[in-house]
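Work through the exercises below with the sequence and the 3D structure at hand. Try each task before reading its solution.

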Amino acid sequence: MPSEGDTFLPRIQSVFYAVFDVRQGPKIVYQVPEGLVAVSSPGLTSTLSASSSPVPSTPVALEADAPLSRRSSSSLISIGGQRIPRYIPSPQQRSSSSNRVLFNFDDISKYVIPPSALCGRLVICATGKYRIIGFPVALQGNYDRNYFRYNLCFVFERTADLSCYEPIVRKVSSVLTSCEEESAFLSSAQSAPAMYAILEQLYEDLNSYSETSIPIDAFNSIELKIFPFYPNPPAVKDWMVPLALINLSKRIEDNWDLTMKKVCRFIDGVNHVSRIAQLADCDLELTRQAISHLLYYQVIMTIDIFQYSNMYTLRKNVQWLADESHVREECGPYVTKPGRPLPDWPKLLHLYSRLKPGRTVLEWMESHDVHEMGIDVRRFTSFGVIKGFLRRVHRWPILLPAEPASPATRKRRSSVTMSPLQVAAPPNPPSPEHMRRFRGRLPDSPSLTASITAKTEAVLSSPTAEEGHIDGVQIQRRTSAAEKVLEQLRIKNLPRSGSNPNIRLQSSVPSEDLQERRARVNSDARRNPIHQHSNAGSQSTLPVRPRMSRSPSAPMVSQIYAVNPQGSVASTPIVPPPELLPLLDGEHHTDELSTRFEAGWPLLQQWLAAIGGGKGDGDFGRVLIIYR
């Protein structure tokens, strides 16, 4: 195992075994290394006096139990021909170890031997600069006070990640509990001293080899191996760009998953997840899972899609990262194009400091002549993101609710003429009848032809026209401005009985002809719900509106027309996708929208301007852009 500075596993600072004494309360019986955890003097004195008794029972037990651990022989020393356990600290060891004390046991004793409610659970406590993890156990049986309580604890630095040691602590406690229930291994005065050898081997092997094997008896042994613990990766989104931290092409093996092998070939720091799925001809969900596996093993990282419309800004940690030697040495060769001279670090740092919210990469490039320096802009920004001193500023569009216009505003808006690239919007807010007509449905009122003749009114209000009657009562509605225009159009299209076009039809017209004309008028009205001039020479210079959908659920969206000064249409209308409207809630940034609708920021700008009623070029109307 590598040294402590090169490993991702925390180092064990101390291991100790504590029990609950019926007379002294919680106390430490053994600890490795010795003396790092300070204990009260009465407990220490009693422990030393008990262990240095003239005729102890432990030497016989240790000699009999010597084969229990492969390191138990090193745990015994000989003084005057008598073998005694090594856990008795010598005066020299006590004086040397007392110079360094991690903490006082009395400060954490209530968490090491806690009440019964916390027994059988993983308990982690902290004191000073250290954290203690243990699994307290309370066994009920033929003991003093009917309970035997113990805990084997590991001590780490306070900032250490203990995730990988949680299963280790649980398993050690489980094995020792089984030994106690089977043979009273912990509570017996003969076998209990063997715990020191177990603690010593746990401390040495786990710190040195990350694994250990400690036989206890013929049926139980402690088999441990620490596996590196990786945190769960973040959720993989379609707009994320995976960037390899190692050479994946040299790591691919024949027994790899087929999807993983195909996906790895297109991870180049440019393609996002959705595009990788298309290039690799893989299912999008399987591609996300493959990227997630690579993130879990920390062989790739994800960055944002690079566009010249992106915005970046510096983080606070640039204050100390700018002085790091590895950042200064790696930046120049990474961001400079091949064959171009390497710019010095102060110049590169100055360019990084000019990236600010509200300024796109393209504007930044034009302001500082970045191309003349031979800098690869994509690698320049990705280097800052990888090192952690540069972050992306996203755009989050949100559609604001429409405000009702005042009468003065409507009158002023109706007098404004159309200019090039101006949003075509109705001068008055549409009425409910007008909106129904726009979606392809005719009004329910029969008053469109009520002013033609009294005979026609009689025909329309007859029982055959059920739309105008509810239970025999005729419905009268106020004629809207749109209905008046349609009425005038129908009157022009009807054949005239004389030379004067203003003469009304006489009541002597047969009712059969009136019914035929009525049917023709209704048919024309359904085919042409929007007013158009019949004379080709008098057509308006405004572009003709496209035919709207007849579906009742068709969305009412604005359209932008590019109109020349002569009045001709310069381009086709820009119609945003209907699925875009629900996503303008401030929770979806432009990278997500661009990936979902396969549109770049220029086209997305036009869609937002059409939806918000803006003029474009940064004016989005009711669509507000939040930068964060």
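Three exercises on this predicted model follow, each with a worked solution.

**Exercise 1.** Find which residues of helix 8 are buried, and work out where they lie around the helix axis.

Solution.
- Helix 8 covers residues 273–280, and its buried residues are Val-273, Ser-274, Ile-276, Ala-277 and Ala-280.
- Viewed along the axis of helix 8, these buried residues stay within an arc of 160°, so they line one face of the helix.
- Next, look for what they pack against: the partners are strand 13 (241–244), helix 7 (258–264), helix 9 (284–296) and helix 20 (590–597).
- Finally, go past the end of the helix: Asp-281 follows helix 8, and its phi is positive, near 55°.

**Exercise 2.** Determine how many disulfides the whole structure holds, and whether Cys-179 and Cys-264 are buried or exposed.

Solution.
- A disulfide is a covalent bond between the sulfur atoms of two cysteines.
- The search therefore looks for pairs of cysteine sulfur atoms within 2.5 Å.
- Over the whole structure, zero disulfides are found.
- Buried means under 20% relative accessible area.
- Cys-179 has a relative accessible area of 0%, so Cys-179 is buried.
- Cys-264 has a value of 7%, so Cys-264 is buried.

**Exercise 3.** Locate the nonpolar surface patch that includes Leu-624, and classify the accessibility of Leu-624.

Solution.
- The patch is formed by Leu-400, Leu-624 and Ile-626, which together have about 220 Å² of accessible area.
- Leu-624 belongs to strand 22, residues 623–627.
- The relative accessibility of Leu-624 is 42%, so Leu-624 counts as partly exposed.

Definitions and conventions. Residues numbered from 1 in each chain as written. Predicted model: local features only at pLDDT ≥ 70, side-chain atom pairs only at ≥ 80, totals over all residues. Heavy atoms only, no water. Buried < 20%, exposed > 50% of the residue type's maximum accessible area, 1.4 Å probe, protein only. Helix = DSSP H or I, 4+ residues; strand = E, 2+ residues; numbered from the N terminus. Arc of directions from axis to C-beta. Contact = heavy atoms within 4.5 Å. Patch = residues over 30% accessible without salt bridge, like charges linked within 9 Å, V, L, I, M, F, W, Y side chains within 5 Å. Areas by Shrake-Rupley, 256 points an atom, 1.4 Å probe, with all protein chains shown as cover. Salt bridge = Lys/Arg side-chain N within 4 Å of Asp/Glu carboxyl O.
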